[in-house]
Amino acid sequence: MTRLKYLTIVCCWLLAVWQGWAQTPRITLSDAAGQPADEVTVSVDLQQATNVSALQMGITLDEHLEYVEGSATLNALRSDGHTLSAGVKDGQLRFVIYSLGMKALKAGERPLFTFKLRLDKQPGVRTLQPTDLLLTDTDGNAIKQIDATAGRVTTQCALATYANTTIDFGRVPLRSTYEQHLTVTNSGTTDLVITQLLFSATTFSSNAKLPLTIAAGAQATLPIQFAPLKRGQQQARVRVVSNTTGVRNDITLTADPYAVNELHVADGLEGDAGSVLTIPLRVNNMDDLCGFQFEFDLPSQVSYVEGSFQLSDRKQDHLLSSSCNKDHLIALAYSPTNKAFTGSDGVIASFKVKLIGPYGCRIEAAKALLTALIDQNATNVTSAQYGAEVSIYTPSIGLNWGDIDMGRTPVTEDSRATLDIHNYGNATLRVERMLLRDGTDVKFDVTLPFELAPWESRTVTLTYNTLEKGDFSDVLQIYSNDPSNRLVEKTVSGSRYEPNTVDLQAQPTTSTEATLVLNLDNYNAVSGIQFDMLLPNGYGFDAATDLWLQDRFADFTANCQLLPSGQYRVFVYSMHDAVVARGAGAVLAITLHPEADKQITGSDCLQLSHIKVGGPDMADVQNYATSLTAYIPAPVVTSLTEVAAQGSSRWGTVYRLDGTRVGALPQVWPHLPAGLYIVNGKRIMKR
């Protein structure tokens, strides 16, 4: 029961709302459409109004709609003596319907009134929106609630619009065809149909397929071609013929065609530093060239070869003048009879440069004038000029790190050192000269000049063999074709000395004596020797009988005195100022006698100290040891009898010290030379 009651209330409310809506006056404007310049009729209807006696309404018109004066007509079937007035003020079309007797407008299905609008050429859909609505009833009261529906007026036509009104082909060479595009948009409300493209110059054309239909709101692109026949700026027009209502359908076409006359420095230029390279100058030309003027600012990596600028076989009677001043090269060529260079492409001239390096460079004309007769006037027709890169391959010299030390060497031997020379570059290294700056007579084991391939090296041996003693130092200078290091230097140093050597050697020892020999290897002449001698424990020495002068000191005298320190000071000298010439060998033998109970084990030594070697001028000669030590070896057997006494039961075999078998005893013994031998494992000295 409650639910039914609720449903009844809702239905009553909806009915009341519907009745109120149904009784609200409604003004409706109709739609209209037409072609440009057409007059179209718009109807205005009033419904659901039973007691309306007057109406007032406005419509805003834009610039593309025009009210047809006097076209507003009131429907007689809806009027009861009413009057309709219409007019335009400040772009507002206003309508007023009234009755002097305050009578109500009649109801009906036909429009209340109509009016006409004239359409212009601009396509589009315009809305007619009622404004300032006012309705009054038969009592003169305003009706506050009014519904209104707008109408639409459509101008039906195509309108071509263009992305740009000028097409510029720019600067383009002759004898070719170029293409640009014209973009057309249909801004209208019906199809745009393009039927023709009319050009004002025959050098412009189009291969577009016509007629071309463009739907409303769409766009299309039309190709435009240009095939220039002569140089100079050109301007033309293309007219787009279509069903557009627009009046601006001419597109401006511009271009600046030119004849191609280009200078090219030939590509692929390369060479080793120090070599001469030819630079070809190629010209491709559309015009008949009768002359040229070229200027080059040559980079520091190259130098111009004087007089090398030459014309090619493209010349006829052309004359050439060229000069180069501080790397600024100028060349001028002309024909006294205005004849043209033959051909339209190829080398027209060339010049030579010497490659210096160390790196590559670019050669490009600073100024290039190609001259042709245009309308009997000499005209620069150069369209472009292009340079080229030059690859320069250079050697790179490398030497050992540090100075060259030839060491300390005696004057009797050569001083030697080595120097490694490397080529770290990408071209052949040529070592031209090697010399010592101050003239030191160092010799090299290479023949100059010599060459090294890239990444090749060579070891050079330096030899110095002067007989002069003392330190020496000089600067080695190496000259090569390395453009970055034409001269590299190394300090060469060393020291030379005059060799004078003394040494002490022990001879094979018996059980009764030990002999030690003093040897002298002297470069300088020697007039005497002095030294102090310390005897080993358990040995005796007789100064009168145990000093033996050898052959080299045969004319000398040897004396000895005992010093408080227990040492013996030995003097060897000449009473007649004799000298020992340069040479080597024994000069003095010293005999030591072991005491009776002395066991000689080979660990005892004789020590010489304070050794002095004197020259003819009583000066001490240089470069020898001032102290010497010699160990006394264990005694050896000196006879076959001693071998038997030491327990040998039979004769044995004789061997040399190196293990070589000599023969059997006793037969071979008498025939052996003096010396030390091995018999039955014993060392035996044969005298």
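**Buried side chains and backbone features in a predicted, strand-rich model**

Ser 527 is buried, with 16% relative accessible area. The model is a predicted one. Ser 527 sits in the loop between strand S48 (514-522) and strand S49. A polar atom of the Ser 527 side chain lies 2.6 Å from the backbone oxygen of Gly 615. Gly 615 is also among the residues that Ser 527 touches, once residues up to four places away in sequence are set aside. Gly 614 and Pro 616 are touched as well. The other residues touched by Ser 527 are Phe 556, Val 572, Tyr 573, Ser 574, Ala 578 and Val 579.

Strand S49 itself covers residues 528-534 and holds Phe 531. Phe 531 has a relative accessibility of 0%. It counts as buried because that value falls under the 20% cut-off. Its C-alpha lies 8.9 Å from that of Val 613, although 82 residues separate the two in sequence. Neighbours within four places in sequence aside, Phe 531 is in contact with Leu 608, Ser 609, His 610 and Ile 611, among others. Further contacts of Phe 531 include Tyr 568, Arg 569 and Val 570. Leu 518, Leu 588 and Ile 590 also contact Phe 531.

A second buried phenylalanine is Phe 113, with a relative accessible area of 1%. Phe 113 is in strand S9, which spans residues 113-119. Phe 113 and Thr 73 lie 40 residues apart in sequence, yet their C-alpha atoms are 5.4 Å apart. Thr 73 is also in contact with Phe 113, as are Leu 74 and Asn 75. Val 42, Ser 43 and Val 44 are further contacts of Phe 113. Met 57, Leu 84, Phe 95 and Ile 97 are in contact with Phe 113 too. These contacts leave aside neighbours within four places in sequence.

Thr 245 is a buried loop residue. Its loop runs between strand S22 (234-242) and strand S23 (250-258). The relative accessibility of Thr 245 is 17%, so Thr 245 counts as buried, under the 20% limit. The Thr 245 side chain reaches the backbone oxygen of Lys 121 at 2.7 Å. Lys 121 and Pro 123 are both among the contacts of Thr 245 beyond four places in sequence. Cys 157, Ala 158 and Leu 159 also contact Thr 245. Pro 36 is another such contact.

Two cis peptide bonds were examined. One joins Leu 210 and Pro 211, with omega about 0 degrees. Pro 211 lies in the loop between strand S19 (204-205) and strand S20 (212-214). The other runs from Gly 357 to Pro 358, with omega near 10 degrees. Pro 358 is in the loop between strand S32 (345-355) and strand S33 (361-363).

Positive phi values were found in residues other than glycine. Arg 175 has phi near 65 degrees. Arg 175 is in the loop between strand S16 (166-173) and strand S17 (178-186). With 62% relative accessibility, Arg 175 lies over the 50% cut-off and therefore counts as exposed. Asn 338 has phi near 60 degrees, again a positive value in a residue other than glycine. The loop that holds Asn 338 runs between strand S31 (328-334) and strand S32. At 46% relative accessibility, Asn 338 counts as partly exposed.

At the level of the whole protein, there are two helices and 60 strands. The radius of gyration is 65 Å, whereas a compact globule of 687 residues would have one near 26 Å. The C-alpha trace spans about 190 × 115 × 55 Å along its principal axes. Of the 687 residues, 42% count as buried. Among contacts between residues at least 6 apart in sequence, 70% join residues at least 24 apart. The exposed area is about 36300 Å², and carbon and sulfur atoms supply 48% of it. Charged side chains number 55 positive and 70 negative. The centres of these two sets lie 9 Å apart.

Definitions and conventions:
Residues numbered from 1 in each chain as written. Predicted model: local features only at pLDDT ≥ 70, side-chain atom pairs only at ≥ 80, totals over all residues. Heavy atoms only, no water. Helix = DSSP H or I, 4+ residues; strand = E, 2+ residues; numbered from the N terminus. Buried < 20%, exposed > 50% of the residue type's maximum accessible area, 1.4 Å probe, protein only. Polar contact = N/O pair within 3.5 Å; in protein donor to acceptor, adjacent residues only side chain to side chain. Contact = heavy atoms within 4.5 Å. Rg over C-alpha atoms; globule rule 2.2 N^0.38 Å. Areas by Shrake-Rupley, 256 points an atom, 1.4 Å probe, with all protein chains shown as cover. Lys, Arg positive; Asp, Glu negative; His and termini not counted. Charge placed at Lys NZ, Arg CZ, Asp CG, Glu CD.
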